[in-house]
Amino acid sequence: MKSKGEKVKEALEHGRNTFTGKSYSSTYKTLLSHRKKLPVYEQMDEFCECFSNNQVMIVVGETGSGKTTQIPQFVAHLNSSQTEGKITVCTQPRRMSAITAATRVAKEMDVTLGAGVGYTIRFEDRTTPRTFLQYATDGALLRGDVHEQTLATDILMALLKGLVKKRRDLKVIVMSAATDSDKLQRYWNEGSAIKVLTFRVTCRTFPVKIVYTKEPEPDYIEAAIRTVLTIHYTEGPGDILVFLTGAEEIEEACIRLENDEYLKTSGIGPLVCIPLHASLSLQEQKKIYDPPPPPRFIGGPPGRKVILATNIAETSLTIDGIVYVVDPGFSKEAIYNPRIRVECLLVNPISKASARQRAGRAGRTKPGKCFRLFTEKDFQSELEEHTHPQILKSNLSSVVLTLVKLGIKDLVRFDYLDAPAPETLMRALELLTYLAALDDDGNLTSLGTIMAEFPLEPQLAKTLIVSPDFKCSNEILTLAAMLSAPVVWRQPRGQQKEADAAKALFSVPGSDHLTLINVYNEYKSNVHDKNWAHSHYLSLKALSQADKARDLLQDLMEQFDIELVSESDPQKLPGLVSQALVCGFFMQVAHSVKGSGTYLTIQDNQVVSPDPSCALGAKPAEWVIYNEFVLTTRPNIRTITEIRPEWLLNYASNYFDLKYFPDGPTNRALQN
Ligand code: ADP
């Protein structure tokens with residue numbers, strides 16, 4: 001008798017498409033020949049056996065071994081002959097990876113994207129009732145966590161761990177590239193009667209030679225550029241992957257590399273720079289799969305491709321053909337500091353585990369080299385062993401709201417893979433209580449119940465829900481959609497001035513929030529003009545994403561009877577929008593420090609500067625509300641709107657109770 005794996009293999013390699021009944025296309029066959037070379041393909045038989053005999057399994061395999069694209073297909077095949085209506089769901093930490101994986105797999109399976117194979121991300125659902133394989137961000141599954149989707153993975157896993165005990169027909173595969181599979185195994189075995197099996201994908205990888213710098217590098221971008229050029233001049237063929245920390249650094253490095261004089265004049269082969277970060281369009285991101293450039297002339301020295309990427313390239317994406325990795329040893333992370341209630345974007349040294357993972361990218365197709373831009377001594381003594389899990393670093397208010405909604409009573413003893421600091425949990429509970437989402441006993445209020453249904457951070461959800469009281473729910477709806485989309489302002493290389501001038505046209509003095517609403521309205525009135533967004537230095541992708549988000553949020557508003565209204569007097573409207581914002585963001589207020597150009601945050605007395613991009617205008621506002629606090633080289637607040645202090649006392653009186661409010665400059669200013 002044929003084994004399960006043999007049957008799947010037969011279905012893949014012969015006959016007709018199990019899912020469509022049609023014969024396979026030539027694209028299918030080409031892709032299949034590529035898939036057959038992937039490590040998991042060789043272990044299909046073993047995998048199918050393990051999957052059939054276990055409810056929970058952990059699959060560990062190198063990035064690029066086929067976990068994301070192949071394993072869910074095997075499972076879909078194993079399920080295809082059984083019960084109707086069974087669905088395989090594969091969660092992804094990022095929106096982009098959910099879309100790329102679904103697109104790729106639909107092609108590989110010869111089915112239409114959005115029908116048989118689909119994806120679900122926040123504000124976009126491309127599945128139908130006939131979908132049998134669904135890629136979804138874990139945040140979308142959990143109910144849209146805005147900032148940190150990797151955090152949702154942890155929570156989702158804990159919930160699934162509880163669920164598999166009750167639902168014996170539910171199967172879970174936890175897939176990981178990480179080296180800490182022991183921790184996962186321990187976690188799943190702890191307190192559960194279910195046997196958990198670890199399945200290892202055996203990958204053929206090639207040795208990677210590690211090269212350290214002799215001395216610490218004072219400027220890692222400079223050092224990275226120098227290293228790329230040296231590789232290009234002196235090393236054999238193969239593409240280069242450079243790890244940088246963010247979009248700005250990446251764009252800067254691209255410009256500097258492309259303008260290198262020697263490169264242009266020395267007759268060496270061409271070098272093509274490809275940026276890779278989350279704010280690029282899918283089209284732009286796809287360029288990483290382009291072949292390297294041809295020689296400048298027939299028989300000339302070969303061209304080379306350099307990919308300059310953020311951490312996305314560390315575990316989420318596989319790029320074939322990389323032989324050289326340049327690793328400055330840093331990454332940018334959002335880290336929440338509960339003491340000062342601030343989520344900061346910080347550039348931090350990576351962990352040893354990350355450095356090894358990065359180096360591994362060089363040995364996928366042949367022996368490679370990894371140039372670490374730090375000393376071996378620093379690697380040994382300065383880098384931590386593992387990266388800290390996201391849950392230990394995040395603002396948990398969205399997650400806590402979700403957990404309370406799911407009926408988790410004891411947040412402290414919840415079965416976390418890594419338990420967050422009690423202080424962080426406390427801060428989240430405090431915020432939710434001040435927002436009146438939770439009552440004093442920690443139960444969900446009726447307001448909180450509705451807030452939890454909105455895929456928005458709690459402050460914004462609250463603002464939206466109360467906005468009809470201020471006759472501006474139409475405007476706040478637009479704002480919520482714009483804040484949920486990626487940044488709309490485009491800043492193309494070398495066109496800073498033009499971009500700034502274009503932005504100034506939309507600017508509403510004193511309010512970035514109103515500016516965003518303005519941009520959206522202008523976009524809608526010019527929607528027929530395909531060139532409009534581009535010529536106004538706006539991202540069409542971000543705007544259409546905002547548009548989709550707006551539709552979805554509007555549906556939710558209807559569902560909960562939240563009226564859609566606009567004040568008819570245009571003079572009054574801006575003030576009303578700002579007042580509605582105060583109802584949600586009263587804990588994110590800053591007060592100007594006379595004559596200094598800086599502000600003091602009310603709760604924690606942090607000195608902050610408004611980001612240069614803000615629409616504050618010439619005369620600084622005395623009181624402002626802000627959407628983001630970012631710690632780059634110094635503390636910045638972003639997306640700011642001027643407010644009046646009496647609104648704080650009117651709309652957040654239980655928070656701004658002057659009797660209990662700490663004595664200090666803010667209290668005195670409020671007293672006045
Ligand atoms: P893993 O999840 O183990 O990191 P994946 O299943 O994502 O691995 O990828 C397996 C292989 O499939 C990659 O090495 C790459 O060759 C190929 N691949 C995946 N996605 C794409 C894509 N969008 N375009 C081209 N090739 C892809």
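This is a short presentation of one protein structure, from its domains to a few single residues.

Good morning, colleagues. The model before you is predicted, and I shall speak of it throughout in that sense.

Let me begin with the overall division. The domain assignment of the protein gives five parts: domain 1 (4-200), domain 2 (208-391), domain 3 (396-452), domain 4 (457-584) and domain 5 (586-671). Consider domain 1 and domain 3, whose centres, taken over C-alpha atoms, are separated by 31 Å. To their contact domain 1 brings 12 residues, and domain 3 brings 9 residues. On the side of domain 1 that touches domain 3, helix 8 (residues 149-166) supplies the largest share, namely 7 residues. Sorted by class, that side of domain 1 holds 7 nonpolar residues, 1 polar residue and 4 charged residues.

I turn now to the ligand. Where does it lie with respect to domain 1 and domain 2? Both domain 1 (4-200) and domain 2 (208-391) give residues to the shell around the ligand, so the ligand lies between them. There are 15 residues around the ligand, and those that come nearest are G64, K67, T68, T69 and R104. The shell comprises 10 polar residues, 3 charged residues and 2 nonpolar residues.

Next, I ask you to look at helix 6, which covers residues 95-109. From its first C-alpha to its last, this helix of 15 residues reaches 21 Å, close to the 21 Å expected at 1.5 Å a residue. Is helix 6 largely enclosed or largely open? Helix 6 is largely enclosed by the rest of the structure, because 11 of its 15 residues are buried. Those buried residues are R95, M96, S97, A98, I99, T100, A101, A102, V105, A106 and M109. As a general point, an α-helix has 3.6 residues a turn, so residues three or four places apart point the same way. Which elements cover the buried residues of helix 6? Among them are helix 5 (71-80), strand 2 (88-92), strand 3 (117-121), strand 5 (133-137) and helix 13 (282-285). After helix 6 comes D110, whose phi is positive, near 65°.

Helix 6 also leads us to the interior. The largest nonpolar core has 126 residues, and the members that touch the most others are A102, V400, L464, A480, V582 and V624. Helix 6 gives the most to this core, with 8 residues. A102, one of the buried residues of helix 6, is in contact with L113, V117, G118, Y119 and Y135, leaving aside its neighbours within four places in sequence. Apart from the largest core lies another core, of 39 residues, among them V208, Y220, L241 and L373.

A further buried position is I250, which is placed in helix 11 (residues 247-258). I250 counts as buried because it has 24 C-beta neighbours inside 10 Å, where 20 or more are needed. Beyond its neighbours within four places in sequence, I250 is in contact with L244, P275, H277 and L308. Of these partners, L308 stands 58 residues from I250 along the chain, while their C-alpha atoms are separated by 6.0 Å.

I come now to backbone angles. Most residues other than glycine have a negative phi, and most peptide bonds are trans. A436 is not a glycine, yet its phi is positive, at about 65°. Its place is the loop between helix 18 (422-434) and helix 19 (446-453), and A436 is partly exposed, with 16 other C-beta atoms within 10 Å. D561, likewise not a glycine, has a positive phi of about 55°. D561 sits in the loop between helix 25 (540-559) and helix 26 (573-585), and with 8 other C-beta atoms within 10 Å D561 is exposed.

Finally, two more loop positions. D290 belongs to the loop between helix 13 and strand 11 (304-309). Is D290 buried or exposed? D290 is exposed, having 10 other C-beta atoms within 10 Å. Between the C-alpha atoms of D290 and I99, which stand 191 residues apart along the chain, there are 19 Å. G191 lies in the loop between helix 9 (181-189) and strand 7 (196-200), and G191 is exposed, with 9 other C-beta atoms within 10 Å. G191 and K619 are 428 residues apart along the chain, and their C-alpha atoms are separated by 61 Å.

To close, I would recall two points. The ligand lies between domain 1 and domain 2, and helix 6 gives the most residues to the largest nonpolar core. Thank you for your attention.

Conventions. Residues numbered from 1 in each chain as written. Predicted model: local features only at pLDDT ≥ 70, side-chain atom pairs only at ≥ 80, totals over all residues. Near = placed C-beta within 6 Å. Nonpolar A, V, L, I, M, F, W, Y, C, P; charged D, E, K, R; others polar. Domains from an automatic or database assignment. Helix = DSSP H or I, 4+ residues; strand = E, 2+ residues; numbered from the N terminus. Expected span 1.5 Å × (residues − 1). Buried ≥ 20, exposed ≤ 12 C-beta atoms within 10 Å, placed from the backbone. Contact = placed C-beta atoms within 7 Å. Core = buried A, V, L, I, M, F, W, Y, C linked by C-beta atoms within 7 Å.
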